[in-house]
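Here's a walk through one protein model, written for someone who would rather look at the fold than wade through output. Keep the structure open while you read.

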Amino acid sequence: MTTHWIVTLSIVVGIGVSSGARALRAGSQRPSPEAAGPASSAEPSVTDFRVVLLGTGTPNPRPDRFGPSTLVEAGSERLVFDCGRSCTTRLWQLKIPLGTVKLFLTHLHSDHTVGIPDLWLTGWLRLPYGTRTEPFMVWGPEGTVAMMANLAKAYEADLRIRQPKQGFAIAAKDFTEGVVYQENGVRVTAFNVSHADINAFGFRIDYKGHSVVLSGDTRPSESLVAHARGADVVIHEVGMARPELLDKSEAARQLLATHHSSPEQAGEEFSRIAPKLAVYTHFTLLGDKQIPEPTMDELISRTRTTYRGPLEVGEDLLAISIGDSVAVQRIQR
Ligand SMILES: [Zn+2]
Ligand SMILES: [Zn+2]
């Protein structure tokens, strides 16, 4: 896997020092030349706690941002949070066999679940990229058990044909707020967030005294801020449109107000939480034929009206190592 770990590297130590190449190009807070030095001059932190953004997109089927999905590796555990379009492709780019991960769902919107049949069934294949011999383990909000049972019905013809049968079984569990998983020193806590009227959750993952919080899909949420206190890294969704679009489109106004967090709102939460690093993912950037979607420069400058701390604009295969310091790497796609 090490051979895939190149491109840029920066280490974030405490507040005020930040950011890899993309965020710098996009105009975020600029660290000193030393802090942004080349990969060869910076040692990655020694840690077995790592987060990789597998997909940073939305339902929009764009080729540069796959569907929402985040990998958390902690010691021997490989946990995937949401399984949007092509999360399997990203996992295998990391040389992680699909059959070795456990899946957690923030909510049941299809952009977060359409990759599940692929992860489940391709993960069974007796080839290096598959290798599952145990049941496929899935945790999600109410409705997850039913969805997985229905998927088994949908793929009945395939399941009948395949041999051997080990690795096809599904072990699904519906959860409510609280600790949903605790194994091998890793604790996963689910907390309610505010995503229109949908039963939706964020997650806090704790390991060896460090933690990462995933916002899930949410508008501003006191629950998120409360659960993120003391977290090293906060990975947050964001949604925005240019004022001209909001002026003319009630649908855009409604979607952003009820489902998502604006850059200013996310920035306010980052300021209250004060993580070692804040990272954006799941970019709901609205536009139409006349009014283009906002740029990353606009996203960053709007965030900077409410937050001055370390910030990364996420991209697929952005990796964050979490230890006594937080290190960011961009893995070649
Ligand atoms: Zn959603
Ligand atoms: Zn979503």
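Let's begin at a loop: Asn 184 is exposed, because 9 other C-beta atoms lie within 10 Å. For the cut-offs, a residue is buried if 20 or more other C-beta atoms lie within 10 Å of its own, exposed if 12 or fewer, and partly exposed in between, with C-beta atoms placed from the backbone. Asn 184 sits in the loop between E8 and strand E9 (186-192), and has a positive phi of about 50° although it is not a glycine.

A word on what you're looking at: this is a predicted model, where local features need pLDDT of at least 70, side-chain atom pairs count only at pLDDT 80 or more, and totals for chains, interfaces and linings use all residues. Residues are numbered from 1 along each chain as its sequence is written, while chains are lettered from A and ligands numbered from 1 in the order in which they are written. As for pLDDT, that's the predictor's confidence in each residue, from 0 to 100. Its mean for the protein is 89, and 86% of the residues reach 70 or more. Two stretches need caution: pLDDT stays under 50 over residues 1-9 and over residues 13-42.

**The overall picture**

The protein has 10 helices and 16 strands. These are DSSP runs numbered from the N terminus: helices are H or I with at least four residues, strands are E with at least two. Of the 333 residues, 46% count as buried. Two residues are in contact if their C-beta atoms, placed from the backbone, lie within 7 Å. Among contacts between residues at least 6 apart in sequence, 65% join residues at least 24 apart.

**The sheet and strand E13**

Seven strands form an open sheet in the order E8-E9-E10-E11-E12-E13-E14, with mixed pairing. At its edges are strand E8 (178-183) and E14, each pairing on one side only. Neighbouring strands here are turned by 20° against each other on average, direction ignored. (Strands pair if DSSP finds at least two bridges between them; axes are lines fitted to C-alpha atoms, for helices over the stretch in contact, and angles run from 0 to 180 degrees between N-to-C directions.)

Strand E13 (residues 277-286) is mostly covered, with nine of its 10 residues buried. Here's how E13 pairs with E12 and E14:

| Partner strand | Sense | Bridges |
|---|---|---|
| E12 (residues 233-241) | parallel | nine |
| E14 (residues 311-313) | parallel | three |

On the E12 side, Val 238 stands opposite Phe 283, and Glu 237 has Thr 281 as its bridge partner. Towards E14, Val 279 is bridged to Glu 312.

**Helices over the sheet**

E13, helix H10 (residues 296-303) and E14 make a right-handed β-α-β unit. Right-handed means that, with the strands pointing away from the viewer, the path from the first strand over the helix to the second runs clockwise. H10 lies across E12 and E14, running at about 155° to E14.

Helix H9 (residues 263-273) lies across E12 and E13, at about 160° to E12. Which elements do the buried residues of H9 pack against? They pack against helix H6 (222-228), E12, E13 and H10. Among those buried residues are Pro 263, Ala 266, Phe 270 and Ile 273. Just after H9 comes Ala 274, with a positive phi near 50°.

**Core and odd spots**

A nonpolar core is a set of buried Ala, Val, Leu, Ile, Met, Phe, Trp, Tyr and Cys residues joined through C-beta atoms within 7 Å. The largest one has 76 residues, of which Val 51, Val 212, Val 233, Val 234 and Ile 320 touch the most other members. Leaving aside neighbours within four places in sequence, Val 233 is in contact with residues including Val 51, Val 212, Leu 277, Val 279 and Ile 320.

Most residues other than glycine have a negative phi, and most peptide bonds are trans. Leu 317 has a positive phi of about 70° although it is not a glycine, and lies in the loop between E14 and strand E15 (318-322). Is Leu 317 buried or exposed? Leu 317 counts as buried, because 22 C-beta neighbours are inside 10 Å. Finally, the peptide bond from Gln 163 to Pro 164 is cis, with omega near -10°, and Pro 164 falls in the loop between helix H5 (156-161) and strand E7 (170-174).
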